[in-house]
Amino acid sequence: MIQKILKTAAISVVLVVAPAYALESDRNKPIEIEADQGTLDQKNQTTTFSGNVIIKQGTLYIRSGSVTVSKDASGNQFMKASGNPVKFGQQLDKGGKVDGQANNVEYASDTGVVRLVGNAKVTRGGDRAEGESIVYNTRTEVYTVSGSKAVSGKTGKRVTVVIQPTQK
């Protein structure tokens with residue numbers, strides 16, 4: 001039972017960063033989790049990993065200070081990772097790699113929305129998006145990048161996006 005809950009927690013974390021065109025073979029690889037500590041609360045359906053958390057599945061990796069995964073009565077899963085920063089990456093089927101980082105990363109399975117908050121950055125090949133937050137809807141494949149003013153109402157860092165020309 002504990003192993004099943006841990007696996008469910010790990011899969012939730014993996015879903016957070018599994019971008020479109022991610023390496024298909026990664027899904028068939030085992031999920032490996034390393035941390036200084038892990039806590040399972042069966043009553044509240046919550047699993048927490050803390051202290052230099054490293055999650056791997058094939059070419060996919062996530063590194064953070066802590067990861068908490070919870071499940072509600074309907075089976076919806078919620079993941080929160082925090083670190084300084086949370087880092088993730090994965091090889092893509094069509095070549096190249098996607099990498100990202102933010103101070104906090106959240107994912108909700110019921111909405112399919114991934115939120116990267118605090119110095120958020122995602123790179124894919126030569127393309128790059130940076131801002132105070134990046135929200136990615138995994139269902140619609142729509143990214144929203146917001147600067148400091150949009151997130152906190154304070155002036156500061158603006159959005160930066162770099163898109164490389166298409167190669168023929």
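**Strand pairing and a pocket in a predicted model**

In the hairpin formed by β3 and β4, where two residues lie between the strands, Gly-58 adopts a positive phi near 65 degrees. The structure described here is a predicted model, and the pairing of these two strands is taken up below together with that of the strands that precede them in the chain.

Strand β3, which covers residues 46–57, and strand β4, which covers residues 60–71, run antiparallel and are joined by 10 bridges. Within this pairing, Ser-50 of β3 is found opposite Ser-66 in β4. Ser-50 is also the bridge partner, in β3, of Gln-37, a residue that belongs to strand β2 (residues 37–41). Strands β2 and β3 are likewise paired in the antiparallel sense, in this case over five bridges, and they form a hairpin that has four residues between the strands. In the turn of that hairpin, Gln-45 has a positive phi of about 55 degrees. Strand β3 is further joined to strand β1 (residues 32–34), to which it runs antiparallel, by three bridges, and here the bridge partner of Ile-33 in β3 is Ile-55. Strand β3 thus has antiparallel pairings with β1, with β2 and with β4.

For the chain as a whole, the secondary structure amounts to two helices and 10 strands, and the order of these elements, read from the N terminus, is α-β-β-β-β-β-β-β-β-β-α-β. The chain has 168 residues, of which 32% are buried. Among contacts in the chain with a separation of 6 or more, 42% are made by residues that are 24 or more positions apart. The area that the chain exposes comes to about 9,800 Å², and 48% of this area is supplied by carbon and sulfur atoms.

Empty space was also examined, and the second largest pocket holds about 220 Å³. A total of 13 residues line this second largest pocket, and those closest to its centre are Gly-95, Arg-124, Gly-125, Gly-126 and Asp-127. When the residues of the lining are divided by character, seven of them are polar, three are nonpolar and three are charged; in this division glycine is counted as polar, whereas arginine and aspartate are counted as charged.

Key: Residues numbered from 1 in each chain as written. Predicted model: local features only at pLDDT ≥ 70, side-chain atom pairs only at ≥ 80, totals over all residues. Heavy atoms only, no water. 1 Å grid on protein atoms, 1.4 Å probe; cavity = no way out; pocket = protein on both sides within 12 Å on 5 of 7 lines; lining within 4 Å. Points joined across faces, edges and corners; volume = space filled by probe spheres on them. Pairing = 2+ DSSP bridges. Buried < 20%, exposed > 50% of the residue type's maximum accessible area, 1.4 Å probe, protein only. Contact = heavy atoms within 4.5 Å. Areas by Shrake-Rupley, 256 points an atom, 1.4 Å probe, with all protein chains shown as cover.
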